[in-house]
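The following exercises are to be worked through with the sequence and the model in view. Each task is followed by a solution in steps.

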Amino acid sequence: MAPTGYGGRVEGLSAVEAALEAGRVDRLQVIKRSASSSRLADLLDLARDMGVAIDRRATLEGIAVTSSHQGVIADCRLLRPVTLSRLVSESTPASLVVVDHVTDPRNLGAIARSAVAAGTPRLVIPRRRGSPLTPTAFKAAAGALERARVCLVSSIPEAIRRLSQMDVWSVGLTAEAPDSLFGLPLLSAPVALVVGAEHRGLSRLVMDRVDQLAAIPMAPEAESLNASVAAGLALFELARMRGSFDKPTRE
């Protein structure tokens with residue numbers, strides 16, 4: 001059965017503030033002693049203005065999922081995933097990030113944060129075997145998952161096949177690729193950047209399905225990059241190739 005949504009629990013100041021601003025928080029749970037924080041006080045004022053219920057507790061132990069909830073938890077209305085075709089249609093030329101079984105939710109959150117910052121807030125994530133959209137992912141995203149559009153799929157290789165049918169090219173990131181990602185002409189076309197799992201990289205079936213493999217150039221003695229770092233570099237190279245952040249020429 002397809003999931004009805006994600007993001008029902010959010011923890012940490014930045015993530016909760018973003019969920020409040022999105023208008024989807026039903027209730028806040030707050031540690032009493034944390035209310036002296038000026039940032040939390042401002043957040044509580046915003047919640048009161050919006051009519052959000054506030055429960056004050058002596059502790060959030062046993063309730064919080066993350067280890068750094070910063071004294072606040074939000075119970076939220078769910079965010080809804082979108083279809084792959086809808087995701088493709090939301091940018092011209094199409095641009096999105098496909099996450100091939102990243103298992104650390106902090107990496108997933110960081111990828112979402114980079115995707116939003118680079119102007120490609122569209123993610124394809126596996127329903128199973130990958131990192132779920134947990135409170136830890138939302139905290140690492142620091143509000144970016146409120147602005148990102150997410151498609152949840154049963155199979156990443158199948159999603160890549162469907163993208164090809166929609167005339168979207170796929171570029172898989174791997175350190176072993178002979179071609180550099182920097183300056184890759186394909187980035188100017190409708191494209192999906194495919195990021196592999198920590199340590200393992202892209203799965204074999206995904207490597208066989210993508211249209212091109214590309215590497216991020218590194219010093220010879222360097223280790224492979226963290227999945228979220230590689231995704232961030234790739235996303236900003238995509239933005240550079242498309243002139244997304246070019247300043248207007250002054251006359």
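**Exercise 1.** Determine how many residues of strand β4 (residues 72–76) are buried, and state what follows for the strand.

*Solution.* The model is a predicted one. Step 1: a residue counts as buried under 20% relative accessible area. Step 2: five of the five residues of β4 meet this condition, so the strand is largely enclosed by the rest of the structure. Step 3: the side on which each residue lies can then be added. Val 72, Ala 74 and Cys 76 point one way from β4, while Ile 73 and Asp 75 point the other way, and all of them are buried.

**Exercise 2.** Identify the sheet that contains β4, and find which strands stand at its edges.

*Solution.* Step 1: consider the pairing of β4 with strand β1 (residues 9–11). These two strands pair in the antiparallel sense over three bridges, and Arg 9 has Asp 75 as its bridge partner in β4. Step 2: turn to strand β2 (residues 25–31), which is joined to β4 by five bridges and runs antiparallel to it. Here Asp 75 of β4 is the bridge partner of Arg 27. Step 3: β2 is also joined to β3, again by five bridges, but these two strands run parallel. Within this pair, Leu 28 stands opposite Ile 54 in β3. Step 4: put together, the four strands form an open sheet in the order β1-β4-β2-β3, with mixed pairing. Step 5: β1 and β3 (53–57) each have a single partner strand and stand at the edges, so one side of each is left without a neighbour in the sheet. The twist from one strand to the next averages 20 degrees.

**Exercise 3.** Describe the order and pairing of the open sheet of six strands.

*Solution.* Step 1: the order of the strands is β7-β6-β5-β9-β8-β10, and the pairing is parallel. Step 2: the edges are taken by β7 (149–153) and β10 (212–214); each has a single partner strand, so one side of each lacks a neighbour in the sheet. Step 3: neighbouring strands of this sheet are turned against each other by 25 degrees on average, direction ignored. Step 4: one pair may serve as an example. Strand β5 (residues 95–99) and strand β6 (residues 122–126) run parallel and are joined by two bridges, with Val 98 opposite Val 124 in β6.

**Exercise 4.** Classify the packing of helix α1 (residues 13–21) against helix α2 (residues 38–49).

*Solution.* Step 1: two packed helices are described by the angle between their axes and the distance between the axes. Step 2: for α1 and α2 the angle is about 20 degrees, and the axes are 11 Å apart. Step 3: angles under 35 degrees count as roughly parallel, and α1 and α2 are therefore roughly parallel to each other. Step 4: the crossing of α1 past α2 is left-handed. Step 5: α1 contributes Leu 13, Ser 14, Val 16, Glu 17, Leu 20 and Glu 21 to the contact, and α2 contributes Arg 39, Leu 40, Leu 43, Leu 46 and Ala 47. By class, this contact has seven nonpolar, one polar and three charged residues.

**Exercise 5.** Locate Ala 219 and assign its exposure class.

*Solution.* Step 1: Ala 219 lies in the loop between β10 and α9 (227–241). Step 2: its relative accessibility is 40%, so Ala 219 counts as partly exposed. Step 3: Ala 219 and Ser 89 are 130 residues apart along the chain, and their C-alpha atoms are separated by 38 Å.

Technical notes:
Residues numbered from 1 in each chain as written. Predicted model: local features only at pLDDT ≥ 70, side-chain atom pairs only at ≥ 80, totals over all residues. Heavy atoms only, no water. Pairing = 2+ DSSP bridges. Axes fitted to C-alpha atoms, helices over the stretch in contact; angles between N-to-C directions. Parallel < 35°, antiparallel > 145°, perpendicular 65-115°, else oblique. Left-handed = near helix turned anticlockwise from the far one by under 90°. Contact = heavy atoms within 4.5 Å. Nonpolar A, V, L, I, M, F, W, Y, C, P; charged D, E, K, R; others polar. Buried < 20%, exposed > 50% of the residue type's maximum accessible area, 1.4 Å probe, protein only.
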